[in-house]
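Reader: I would like to go through this structure step by step. Please keep the answers short and end each one on the value or name I ask for.

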Amino acid sequence: METWDAIRARRNVRAFTDEPIAPAALDQILEAAWRSPSSSNSQRWDFVAVTDRDVLTELAGVWQYAGFVATAAAAIALIAPIPDDPRMTASIQYDLGQATMSLMIAAADLGVGSCHTAVMDQDLARRLLGQPDDHMCAWLIGLGHPADRPLTPIRTPNRRPIDEVVHRGRW
Ligand SMILES: Cc1cc2nc3c(=O)[nH]c(=O)nc-3n(C[C@H](O)[C@H](O)[C@H](O)COP(=O)(O)O)c2cc1C
C-alpha cells in the first residue's frame with residue numbers, strides 16, 4: 001500500500017478475524033514504533049508484544065473499553081516510566097502518541113487493523129506484562145485482521161470539516 005493510502009485507510013478496528021498476524025508483519029509493526037521520534041531522542045518507552053490468547057483475554061480486563069483485546073491477534077503494550085511531574089507526563093504522552101500512530105500506519109499498510117485502549121488497572125497490567133514498579137503500561141494497542149471495518153481508503157472520514165479545522169496563516 002502507498003503511504004497516503006495507508007493514512008487514509010487506517011481506522012480503529014475492534015472486531016478481528018481468527019487469522020494470526022504473520023511474525024514478520026508483527027516485527028515490522030514493532031520496528032515502526034521503535035523508529036519513532038521522541039523528545040531529545042529520549043525513547044522513554046518499551047514495547048511488550050503479546051500474542052498468547054490467555055494473556056490477551058486477561059488484558060481485556062484493564063479497562064471497560066478494552067474488551068476488543070480479548071479477540072485481537074496481538075496486543076502491543078506501550079510501557080513508559082511513571083512521570084514525576086506534569087511536564088514529563090505531557091512529553092512522554094506526546095512521544096507515545098507518535099509511536100502509536102507510526103505503528104498503526106505500519107499496521108494498516110500490512111492490512112492489520114488496530115485500536116488503542118487506555119489502561120486503568122495497572123496492577124493487572126503489571127501482573128500480566130511484568131514491567132518494573134517504576135514503569136506504567138500507558139496504552140495498549142490491539143491488532144488483528146479486520147472482521148468488520150475494511151482497511152481501504154475512506155472517502156469521507158468521520159471528522160470535523162477540514163476547512164473548520166485547518167487555519168491558514170492565522171486562526
Ligand atoms: C488517546 C486515545 C485513547 C483511546 N482509548 C480507547 C479505548 O479505551 N477504547 C477504545 O475502544 N477506543 C479507544 N480509542 C479509539 C478512539 O475512539 C478512536 O481513535 C476514534 O473514535 C476515531 O476512530 P476512527 O479513526 O476509527 O474514526 C482511543 C483513541 C485515542 C487517541
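**Residues, helices and the whole chain**

Author: This is a predicted model. We start with His-145, which sits in the loop between strand 4 (135-144) and helix 6 (162-165).

Reader: Is His-145 buried or exposed, and at what relative accessibility?
Author: A residue is buried when its relative accessible area is under 20%. His-145 falls below that cut-off, so it counts as buried, at 14%.

Reader: Which backbone oxygen lies 3.5 Å from a polar atom of the side chain of His-145?
Author: Leave out residues up to four places away in sequence, and His-145 touches Ala-15, Phe-16, Thr-17, Glu-19, Pro-20, Ile-21, Gly-111 and Val-112. One of these residues supplies the backbone oxygen at 3.5 Å from a polar atom of the histidine side chain: Gly-111.

Reader: Now His-135. Which side chain does the side chain of His-135 make a polar contact with?
Author: His-135 is in strand 4. It counts as buried, at 17% relative accessibility. Its side chain makes a polar contact at 2.9 Å, and the partner is the side chain of Asp-134.

Reader: Which residue of helix 5 is in contact with His-135?
Author: Leaving aside neighbours within four places in sequence, His-135 is in contact with Ile-79, Ala-80, Pro-81, Ile-82 and Arg-126. Helix 5 covers residues 122-129, and its buried residues include Leu-124, Ala-125 and Arg-126. The name found in both lists is Arg-126.

Reader: What covers the buried residues of helix 5?
Author: The buried residues of this helix are Leu-124, Ala-125, Arg-126, Leu-128 and Leu-129. Their cover includes strand 1 (46-50), helix 3 (53-59), strand 2 (74-81) and strand 4.

Reader: Which residue caps the N-terminal end of helix 5?
Author: Look for a side-chain oxygen by the backbone nitrogen of Asp-123. The distance is 3.3 Å, and the capping residue is Asp-121.

Reader: Which residue with a positive phi follows helix 5?
Author: Helix 5 runs over residues 122-129. The residue that follows has a phi near 80 degrees, and it is Gly-130.

Reader: Where else is phi positive, in a residue other than glycine, with a value near 55 degrees?
Author: Most residues other than glycine have a negative phi. The residue with a phi near 55 degrees lies in the loop between helix 2 (23-34) and strand 1. Its relative accessible area is 51%, so it is exposed. It is Asn-41.

Reader: What is the phi of Gln-43?
Author: Gln-43 is also found in the loop between helix 2 and strand 1. It is partly exposed, with a relative accessible area of 37%. It is not a glycine, yet its phi is positive, about 50 degrees.

Reader: How far apart in space are Arg-53 and Asp-84?
Author: Arg-53 is in helix 3 and is partly exposed, at 39% relative accessible area. Leaving aside neighbours within four places, it is in contact with Val-69, Ala-70, Thr-71, Ala-72 and Ala-73. Asp-84 is 31 residues away in sequence, and the C-alpha to C-alpha distance is 34 Å.

Reader: What separates the C-alpha atoms of Thr-117 and Ile-141?
Author: Thr-117 is in strand 3 (residues 113-118) and is buried, with a relative accessible area of 3%. Beyond four places in sequence, it touches Trp-63, Tyr-65, Ala-66, Phe-68, Val-69, Trp-139 and Leu-140. Ile-141 is 24 residues away along the chain, and the C-alpha separation is 6.3 Å.

Reader: Turn to the whole chain. What is the radius of gyration of the protein chain?
Author: The chain has six helices and four strands, in the order α-α-β-α-β-α-β-α-β-α. The globule rule gives 16 Å for 171 residues, and the chain comes close to that, so it is as compact as a globular protein of that length. The radius of gyration is 16 Å.

Reader: What share of contacts joins residues at least 24 apart?
Author: Count contacts in the protein chain between residues at least 6 apart in sequence. The share that joins residues at least 24 apart is 77%.

Reader: How far apart are the centres of the positive and negative side chains?
Author: The protein chain has 16 positive and 21 negative side chains. The centres of the two sets are separated by 11 Å.

Technical notes:
Residues numbered from 1 in each chain as written. Predicted model: local features only at pLDDT ≥ 70, side-chain atom pairs only at ≥ 80, totals over all residues. Heavy atoms only, no water. Helix = DSSP H or I, 4+ residues; strand = E, 2+ residues; numbered from the N terminus. Rg over C-alpha atoms; globule rule 2.2 N^0.38 Å. Contact = heavy atoms within 4.5 Å. Lys, Arg positive; Asp, Glu negative; His and termini not counted. Charge placed at Lys NZ, Arg CZ, Asp CG, Glu CD. Buried < 20%, exposed > 50% of the residue type's maximum accessible area, 1.4 Å probe, protein only. Polar contact = N/O pair within 3.5 Å; in protein donor to acceptor, adjacent residues only side chain to side chain.
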